[in-house]
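Biologist: I would like to go through this model and ask what stands behind each term used for it. Please show it first.

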2 protein chains.
Amino acid sequence: MQSFQPPRRVLMGPGPSDVSPRVLAALARPTIGHLDPEFQKLMEEIKTALQRLFNAPDHACVPLPAPGTAGMEAAIMNLLEPGDRAVVAVNGAFGGRMADMAGRAGATVVTVDHEWGQPVDADRVAAALAEAPTKVLAFVHAETSTGVRSDAATLCGLARKHGALSIVDCVTSLGGISVDAAAWDADIVYSGTQKCLSAPPGLSPIAISKRAQAAITGRKEKVRNWLLDFNLLMSYWGGEGGRTYHHTAPINALYGLHESLVVLFEEGVQASTVRHARTHEALVAGLEAAGLKMLVDEKHRLPQLNTVIVPDGIDEAAVRAHALKTWDLELGAGLGPLKGKVWRIGLMGASATPWHVRLCLTALCEALAAQGLKVDTSAVLAASDARLAG
Amino acid sequence: MQSFQPPRRVLMGPGPSDVSPRVLAALARPTIGHLDPEFQKLMEEIKTALQRLFNAPDHACVPLPAPGTAGMEAAIMNLLEPGDRAVVAVNGAFGGRMADMAGRAGATVVTVDHEWGQPVDADRVAAALAEAPTKVLAFVHAETSTGVRSDAATLCGLARKHGALSIVDCVTSLGGISVDAAAWDADIVYSGTQKCLSAPPGLSPIAISKRAQAAITGRKEKVRNWLLDFNLLMSYWGGEGGRTYHHTAPINALYGLHESLVVLFEEGVQASTVRHARTHEALVAGLEAAGLKMLVDEKHRLPQLNTVIVPDGIDEAAVRAHALKTWDLELGAGLGPLKGKVWRIGLMGASATPWHVRLCLTALCEALAAQGLKVDTSAVLAASDARLAG
């Protein structure tokens, strides 16, 4: 057993995205104790930064000590008790996962199912909410499995109208497109670090509204999950009046998250979303010049997660294998019903640059040509460049 | 908001322990994808290394993507279903936590309570197991809150005799004292990375016996926890026949764990336990020369977690504050009923060296003298040195 030296990789799958040298360097700073006064200051800075990033000045914001799925599980397990009714919009893999978890919380789960690649249909959600008193409406803002954006403001508004609490999965959206917990009046919003924040995977930032906090403190039964029980977590992260030991925070991972937030605020959150949008447009211009088609209708596309339809006769996996072998470039495969039918190309955080777009188009054209599909790489790159310059 | 530069710290609390420059450097290597073939090789190496470290060649071993508490929660939530009976030995904070979790799993929980500072009493556990059919016996091998070692071989044997599955918390023991899942015939054994492995906090290595795996696949109800559901996790970590996406593994944290295992095997697991024992003896010799007393009876003491009784008239917190301010040295406070009554001094992993022992004794003598307790620091260090040389 010897020290591990990772190979060079360019990460353009569904996450993790490329992590900048600044964030990597932060990870390697010496570990200090999780009860150290200097660490508490770091945590306060992270909490404040997350409030700013989620635009959630009145929410309690903390980074949970586990990958993005922990945010989903925490939201669902804390809000739902046996006997509660939950409406879950399912338009991809992650909506389906929410429904599974809600069942484990003991809730009565009503799913509103959609074809993969479609945004959540507000009218059908409204109908499901109108059927019976509902504790929670859960949906995914940016479906990583399909590349679809849903209308969070409208869906959170429906939840409020019907007296339900809203849970919004923003794992892939945060930092890449606008996330606005205050404007949406959302109850629980969570994300991951390995998408548009470009930190390594392993943490899940979460924001919890005052309404949600009241619902959690007023539960009849204990939360079924100890590590993610907000009643316990909030005493640990509370800040004022001393902290109660709960778990041991992942110190070095939090150094990385902190640095990624410093980097993001230096650029500006608005500037970052513009960069994601522009690189996305350049990528799509190139893909279309290559004769490829996007899965998702233009007005619902996520800039940071591009699902591209595999042309007839093309071996999907062979294209990704070529990109990995020849260009050290990781592209994503389709999940579930989209397996073998799409590629998922991530333009997230540090991976959302013109350099990445050009590398990806070059690798794709080469891989398609290797399977006999004629593509003019120069024309493809020129179309992409022109879009970026335009 | 600016980049965070941690202060210098010497970590001799209950964890995290000092992380070596080699492990810190590993954390900063470039992030690759969690489905990358090279990452899969890394994971296979970690799984094999954990089997070796737990001495669990027939157990399934994986690192869970969250702090040590996740190992506890995974063990309890996967093995227990509503209606099951669980016997939990409680002789400190972590036994109490296990009992809380078992209740959340829906089990009927019988605790066998002990005074803090005492090892688990096998006779009383046997009596509790004999009362009724029991699904799980859970206990803590090395109680971090008290510094007590319990007899894992005897307790696991009792579980087998009564047809119960055993859960053994080895968060603080692994790497510091002998952990032997095969010899104990233990069912689930778990640990953390931030104790005697000297990696940063954030991961929980776990070993699951074939009996435990059969119990989990044969459950009547779904596990109440999605992220830690072994039925799902094992498809992700399985290795053979391709992996099923579950969560996104915390890549860089796993680089750190991998490197800490390389470091440990270079030294040798046996050599590491001898080092922990010898530095512990040197620390105790110095503490006793300073007139201080240990909480735990000699034959049940953990070398890696030393609970020292605060002398009458001494302000416990002021001593720790002095050590932190003057020596950048973190010492641990007492928890629960031991709050204000003991210090907890960790000698874990990279923090278990003669240098650490001498620094700690020097800082303690100085802090005690500042409160008017006469201590001859030279004599204390000489007593400690003599024990190490002897």
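Biologist: What rotation and what shift along its axis superpose chain B on chain A?

Modeller: The model is predicted, and in it a rotation of 180° with 0.0 Å of shift along the axis lays chain B on chain A, at an RMSD of 0.0 Å.

Biologist: Why are the two copies said to be related as by a two-fold rotation axis?

Modeller: The rotation is 180° and the shift along its axis is 0.0 Å. The copies are thus related as by a two-fold rotation axis.

Biologist: How do you know which surface each copy uses where they meet?

Modeller: Of the interface residues of chain B, 100% are also interface residues in chain A, so the copies meet through the same surface.

Biologist: What makes a residue part of that contact, and how many residues does each chain bring?

Modeller: The C-beta atoms of two residues, placed from the backbone, have to lie within 7 Å. By that criterion 64 residues of chain B are in contact with 64 residues of chain A. The side of chain B that touches chain A has 35 nonpolar, 17 polar and 12 charged residues.

Biologist: Which helix of chain B gives the most to that side?

Modeller: That is α10(B), with nine residues. Helices that each supply at least two residues to this side of chain B include α1 (21-27), α2 (37-53) and α10 (251-267).

Biologist: What domains does the assignment give for chain A, and how far apart are their C-alpha centres?

Modeller: Domain 1 of chain A covers 20-265 and domain 2 covers 269-389. Their C-alpha centres lie 29 Å apart. With the 7 Å criterion for C-beta atoms, 23 residues of domain 1 of chain A are in contact with 22 residues of domain 2 of chain A. On the domain 1 side there are 10 nonpolar, 11 polar and two charged residues.

Biologist: Why are β2 and β4 of chain A placed at the edges of the sheet?

Modeller: The open sheet has seven strands with mixed pairing, in the order β2-β10-β9-β8-β5-β3-β4 (chain A). β2 (60-64) and β4 (108-113) of chain A each have a single partner strand, so one side of each is left without a neighbour in the sheet.

Biologist: What makes β3 and β5 of chain A a pair?

Modeller: Pairing takes at least two DSSP bridges. Three bridges join β3 (residues 85-90) to β5 (residues 136-140) in chain A, and these strands run parallel. The two therefore count as paired. Val88(A) stands opposite Ala138(A) in β5(A).

How values were computed
Residues numbered from 1 in each chain as written. Chains lettered and ligands numbered in written order. Predicted model: local features only at pLDDT ≥ 70, side-chain atom pairs only at ≥ 80, totals over all residues. Domains from an automatic or database assignment. Nonpolar A, V, L, I, M, F, W, Y, C, P; charged D, E, K, R; others polar. Helix = DSSP H or I, 4+ residues; strand = E, 2+ residues; numbered from the N terminus. Least-squares fit on C-alpha atoms with pLDDT ≥ 70 in both.
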